[in-house]
Amino acid sequence: MQRNSLRCLAFAFCLGLLGLAPGAQARDLTVALQSGIGLGSAAALRAVYLDPFKANFPQLAVTSWAGGLDALRAGASGWDVVETDAGTLRAGCADGLLEKLPWGEPPLAGLRDKMLPQGVTECGLGVLMHATVLAWDRGKVQGSPSWADFWDVVKVPGKRALQAGARGNLEFALLADGVLPADVYRTLNTPAGVERALRKLLQLRPYLVWWRTPEEALHILQSGEALMASMPAPLVVSANLQGGQLAMQPSGGLVEIQYFAIAKDSPNKAEALKLLAFAADPARQAMLPEQGAWGGLAKGANDKLPADQLARSPSSAAALAAEVVLDAGFWRDNDEKLTARLDAMVAR
C-alpha cells in the first residue's frame with residue numbers, strides 16, 4: 001500500500017514537472033494562423049510550411065485567429081506557434097505573451113545571419129512578406145503609372161481609390177511628393193513631414209473613393225468607379241488568375257511582414273522551434289511566390305526564381321530598393337490620431 005502511494009506521488013510529481021494535471025494529455029503542436037489579413041495567406045503558409053512539416057510531424061493542428069493584442073492575450077495559452085503581424089508581435093513580445101527566441105542555440109543557431117534584417121526580431125521569425133501597391137485596369141490606363149501619376153488628375157483624369165484611414169496613405173502621399181522610399185519614415189517622424197503628407201492627400205479630396213476591404217477595392221477598380229487604386233498585390237494576382245486584366249506597380253509598394261512566434265510557456269516549445277527552423281530554409285521560402293504575390297525573408301530565397309515569380313516577389317533586391325517597409329511602431333503610436341485628423345480634413 002505504501003509502495004503504491006509512493007508511485008502515485010512520483011507520477012503526480014512528474015506530471016507537475018511537465019505542466020500537466022493528473023489525467024491530462026499534452027496537446028498537438030497547435031499553429032494559429034492570422035485570418036485577418038486574408039488574401040490567401042493562410043493557404044500559402046499551409047502549402048509552403050505547415051503541410052510539408054506535418055508530413056514528418058503529424059501531431060500538428062491548425063487553427064485561426066483574427067489578430068490583435070487582445071486576441072493574442074486571450075488565445076495564446078492554447079497555441080504553440082502564432083502567425084502575427086509586426087505590430088502585434090512587438091506588443092506581444094513586450095507584454096510577455098511570446099517567447100524570446102534563442103537565436104544562438106540549436107535549432108536556430110546561425111539562422112539570424114541567414115535572414116534579411118527585417119525577418120529577425122526578438123520574438124519572431126519572418127515567414128511571409130506582402131505589399132499594397134498601385135493597381136489599375138490595363139484596358140483603361142496605358143503604361144506603368146507611379147504614385148506621382150496617381151496624384152496627377154490632369155495627366156490621367158479620373159477617380160482614385162485608397163483604403164480608409166491614414167496608415168499607408170501618408171506614405172503614398174510622400175512618395176508622390178518626391179520623397180525617396182528610404183526617407184519616408186524619417187520624414188513622417190517630423191511634424192513638418194506629417195503636414196506635408198496630409199496636404200498632399202487633400203489635393204485628391206474631390207477625386208477620392210475610399211475602400212475598407214480588399215474585396216471592395218477590387219470591385220471599385222473592376223467596376224470603373226475609380227481609374228486607379230491602392231490594392232494588396234496578392235489580390236491583383238488572384239484576380240488575374242480568374243480572368244481579370246489588372247496591372248500593378250511594385251515600385252513604391254508598402255510592404256508588411258508576417259512572423260511565426262512561439263506562445264509563452266508553450267508545452268511544445270521544442271517542436272515549435274523545429275518548425276521555425278524548418279520555415280527559415282531559403283529553398284522553402286523560395287516557394288512562396290508560386291502561391292501568389294508573396295515573398296520570403298531568407299537570404300537567397302529569390303535567387304533562382306523564374307522571371308514571372310521574381311517580378312511579383314516583394315522581397316527581391318530590386319523590389320526592396322523601391323518599396324517602403326511599414327513601420328509598425330510608428331503606426332502603433334500614431335494611427336488613431338492621424339486617421340482622426342485625416343477624416344476631419346477630408347470631411348470639410
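**Cores, pockets and one cavity in a predicted model**

Let's start with Val81. Leaving out residues up to four places away in sequence, Val81 touches Leu29, Thr30, Val31, Ala32, Phe260, Ala261, Ala272, Leu275 and Leu276. Contact here means heavy atoms within 4.5 Å.

Some ground rules. This is a predicted model: local features need pLDDT of at least 70, side-chain atom pairs count only at pLDDT 80 or more, and totals for chains, interfaces and linings use all residues. Residues are numbered from 1 along each chain as its sequence is written, and side-chain values use heavy atoms, with hydrogens and water left out.

Next, confidence. pLDDT is the predictor's confidence in each residue, from 0 to 100. The protein averages 92, and 92% of the residues score at least 70. Residues 1-25 stay under 50, and the model has 6 contacts for them beyond four places in sequence. Where pLDDT is low, the predicted coordinates should not be read in detail.

Now the cores. A nonpolar core is a set of buried Ala, Val, Leu, Ile, Met, Phe, Trp, Tyr and Cys residues joined through side-chain atoms within 4.5 Å. Buried means under 20% relative accessible area, exposed over 50%, partly exposed in between, with a 1.4 Å probe and protein chains only. The largest core has 54 residues. Val81 is among those with the most contacts inside it, along with Tyr49, Leu72, Leu125, Val127, Phe260 and Leu276. A second, separate core has 38 residues, including Leu134, Ala166, Met228 and Ala328.

On to pockets. We work on a 1 Å grid over the protein atoms alone. A pocket is an open set of points with protein on both sides within 12 Å along at least five of seven lines. A cavity is a set where a 1.4 Å probe fits but cannot get out. Lining residues have an atom within 4 Å of a point. Points are joined across faces, edges and corners, and a volume is the space filled by probe spheres set on them.

The largest pocket has a volume of about 1100 Å³. Its lining counts 50 residues, and Asp85, Gly87, Arg167, Glu256 and Leu326 lie nearest the centre. Which helix gives the most to this lining? That is α4, with 7 residues. Helices (H or I, at least four residues) and strands (E, at least two) are DSSP runs, numbered from the N terminus. By class, the lining has 24 nonpolar, 17 polar and 9 charged residues. Ala, Val, Leu, Ile, Met, Phe, Trp, Tyr, Cys and Pro count as nonpolar, Asp, Glu, Lys and Arg as charged, and the others, Gly among them, as polar.

α6 (169-176) also supplies at least two residues of that lining. Is α6 mostly covered or uncovered? Covered: 8 of its 8 residues are buried. Gly178 follows α6, and its phi is positive, near 100°.

The second largest pocket has a volume of about 200 Å³. α15 (328-347) gives the largest share of its lining, 5 residues. Arg167 and Trp210 are among the lining residues. The split is 5 nonpolar, 3 polar and 4 charged.

How many cavities of 30 Å³ or more does the search find? Just 1. It holds about 90 Å³ of space. Its lining includes Met248, Arg312 and Glu323, and divides into 8 nonpolar, 1 polar and 2 charged.

Last stop, Ala148, in helix α5 (residues 147-151). Ala148 counts as partly exposed because its relative accessibility is 37%. Ala148 and Cys123 are 25 residues apart in sequence and 38 Å apart in space, C-alpha to C-alpha.
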